[in-house]
Amino acid sequence: MAYTYSPTTTFFPKHHLRSTTINCTSSPPPTTVTTTTNRQPIPPLLPFSAKYVPFNSITDESYSLDEIIYRSSSGGLLDVQHDMNALKQFDGKYWRTLFDSRVGRTTWPYGSGVWSKKEWVLPEIDNDDIISCFEGNSNLFWAERYGKENLNGMNDLWVKHCGISHTGSFKDLGMTVLVSQVNRLRKMNKPLVGVGCASTGDTSAALSAYCAAAGIPSIVFLPANKISMAQLVQPIANGAFVLSMDTDFDGCMKLIREITSELPIYLANSLNSLRLEGQKTAAIEILQQFDWEVPDWVIIPGGNLGNIYAFYKGFKMCEELGLVDRIPRLVCAQAANANPLYLNYKSGWKNFTPVKATTTFASAIQIGDPVSIDRAVYALKNSDGIVEEATEEELMDEMAAADATGMFVCPHTGVALVALRKLRERGVIGRSDRTVVVSTAHGLKFSQAKIDYHSKAIEGMGCKFANPPVEVKAEYGAVMDVLTKYLSNVS
């Protein structure tokens with residue numbers, strides 16, 4: 001039985017009963033719950049809960065979220081499984097109203113875009129254990145000019161700026177969940193000294209910031225000379241113990257997995273499914289920002305491939321719990337220099353083969369052996385999804401074209417925009433299809449790449465949208481000549 005929301009009859013767990021506001025929490029409710037109007041008892045509610053289970057497997061195997069475990073007994077991925085029967089005690093309208101009521105509020109921790117969905121994320125954690133920087137609630141930007149001028153009049157294009165966040169990337173959404181759980185585990189005297197990750201930049205920035213806020217040591221494995229200085233300085237500034245290694249991300253990932261199996265360091269990479277619980281809230285947030293209308297397409301850059309599954313999971317939970325009646329089609333966009341998922345998709349999902357990723361300006365997705373390949377394939381198959389790729393010149397030109405219409409996006413967003421352009425040109429995505437491109441990081445993290453592009457300093461690249469400054473003498477006549485010529489060209 002699902003209880004419906006109405007202004008006059010609303011059901012709450014008794015310990016957070018309010019007469020005028022919706023304020024449902026996840027602690028086990030009492031055996032009797034009353035209405036706000038007539039105080040009559042109704043059947044007892046099931047408490048909200050979640051556990052680890054083997055990913056996409058029918059088995060009785062499960063683990064508490066308070067266990068330190070990253071793989072199933074067979075060595076496969078784990079997933080966080082929520083008690084859907086407990087969540088279904090409330091109908092879709094109830095959840096929509098609850099989530100909407102928390103947007104922009106300062107009541108801890110519900111003003112966060114992640115923790116406003118606490119019941120769907122970490123339902124059993126105490127609010128005092130949560131480490132939040134009020135992440136999420138990022139801008140859903142109507143890319144009107146870009147769509148009209150660059151995509152043949154596309155008029156319902158939106159860019160979800162997940163990079164407008166505490167450390168400048170979507171990784172904050174997952175890291176607040178993971179570090180909060182570590183904070184809880186340490187208070188339970190679990191054998192954890194610190195938290196570690198391998199990173200191409202953004203993961204380390206998020207991990208170090210949230211660990212610093214919690215007072216928990218962070219350890220970061222970075223591939224030497226393969227991330228931007230803006231990304232490197234973030235973990236350093238936040239006090240992380242940074243190891244720069246003469247390998248690529250895949251090499252760093254192999255080492256951190258080996259190290260965390262021997263030392264009391266908690267693994268923070270997306271092999272750990274806790275992070276995906278936070279990242280899925282970006283999908284729910286998109287639906288909120290469209291007043292719970294479902295877009296036709298969502299395009300997501302893909303490297304280690306956890307995020308494509310996180311978005312699928314967020315959309316699917318909303319469908320299963322009655323907030324919406326369908327899910328969007330998903331597109332994963334990869335750099336051609338690191339495209340194992342694209343090659344797998346083009347082969348008809350035959351046996352997956354890792355690749356040796358080569359240098360790409362989209363450095364955060366420069367990953368040839370993604371941990372979450374099985375998750376990504378599952379998400380794409382179940383959303384009638386597509387995979388596309390972008391060359392280096394394509395992604396840099398598309399990034400510059402987007403910037404010229406008022407955005408300031410990262411190269412990874414350029415990859416996603418190239419995928420959109422190709423699908424528009426083939427007629428797969430229609431002119432009026434409501435489409436969301438997920439921008440995963442702030443463009444300021446990649447200032448040097450933009451400087452090199454606009455200076456035409458990238459070898460072998462035409463940089464057709466370069467906009468270098470014009471050198472002119474500090475004389476009235478010289479300035480007038482330059483401006484007159486410029487104005488005649490733009491008028």
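The exercises below, each with a worked solution, concern a predicted model.

**Exercise 1. Compare the end-to-end span of helix α10 with the expected span, and determine how much of α10 is buried.**

Solution. Helix α10 covers residues 306-320, which makes 15 residues. At 1.5 Å a residue these should span 21 Å. The end C-alpha atoms are 21 Å apart, so the two values agree.

For burial, the cut-off is a relative accessible area under 20%. By this criterion 12 of the 15 residues are buried, so α10 is largely enclosed by the rest of the structure. Among the buried residues are Gly 306, Tyr 309, Phe 311, Lys 313, Phe 315 and Cys 318. Just after the helix, Gly 322 takes a positive phi of about 80 degrees.

**Exercise 2. Treat helix α4 in the manner of Exercise 1: what is its span, and how many of its residues are buried?**

Solution. Helix α4 runs over residues 171-187 and has 17 residues. From its first C-alpha to its last it reaches 24 Å, close to the 24 Å expected at 1.5 Å a residue. Of these 17 residues, 15 are buried, and α4 is thus mostly covered. Just after α4, a positive phi of about 65 degrees is found at Asn 189.

**Exercise 3. Classify the packing of helices α13 and α15, and describe the contact.**

Solution. Two packed helices are described by the angle between their axes and the distance between the axes. For α13 (residues 392-403) and α15 (residues 447-454), the axes come within 11 Å and cross at roughly 95 degrees. Angles of 65 to 115 degrees count as roughly perpendicular. The two helices α13 and α15 are therefore roughly perpendicular to each other.

On the α13 side the contact is made by Met 396, Asp 397, Met 399, Ala 400 and Asp 403. The α15 side contributes Ala 449, Lys 450 and Tyr 453. By class, the contact has five nonpolar, no polar and three charged residues.

**Exercise 4. Give the strand order of the six-stranded open sheet, then locate its edges and the helix α9 that packs on it.**

Solution. The order is β6-β7-β15-β12-β13-β14, and the pairing is mixed. The edge strands are β6 (140-142) and β14 (386-390), each of which pairs on one side only. From one strand to the next, the twist averages 25 degrees.

Within this sheet, β12 (residues 297-301) and β15 (residues 435-439) pair in the parallel sense over three bridges. Trp 297 stands opposite Thr 435 in β15. Helix α9 (residues 281-289) packs on the sheet and touches β6, β7 (157-161) and β15. The direction of α9 makes about 135 degrees with that of β7.

**Exercise 5. Describe the four-stranded open sheet, and place Ser 218 within the structure.**

Solution. The strands follow the order β10-β9-β8-β11, with parallel pairing. The edges are β10 (241-245) and β11 (265-267), each pairing on one side only. Ignoring direction, neighbouring strands are turned by 25 degrees against each other on average.

Strand β8 (residues 194-198) runs parallel to β11 and is joined to it by three bridges. Val 195 stands opposite Tyr 266 in β11. Helix α5 (residues 202-214) packs on this sheet, touching β8 and β9 (218-223), and its direction makes about 170 degrees with that of β8.

Ser 218 lies in strand β9. Its relative accessible area is 5%, so Ser 218 is buried. Leaving aside neighbours within four places in sequence, Ser 218 is in contact with Val 195, Leu 207, Ser 208, Cys 211, Ala 240 and Phe 241.

Key:
Residues numbered from 1 in each chain as written. Predicted model: local features only at pLDDT ≥ 70, side-chain atom pairs only at ≥ 80, totals over all residues. Heavy atoms only, no water. Expected span 1.5 Å × (residues − 1). Buried < 20%, exposed > 50% of the residue type's maximum accessible area, 1.4 Å probe, protein only. Axes fitted to C-alpha atoms, helices over the stretch in contact; angles between N-to-C directions. Parallel < 35°, antiparallel > 145°, perpendicular 65-115°, else oblique. Contact = heavy atoms within 4.5 Å. Nonpolar A, V, L, I, M, F, W, Y, C, P; charged D, E, K, R; others polar. Pairing = 2+ DSSP bridges.
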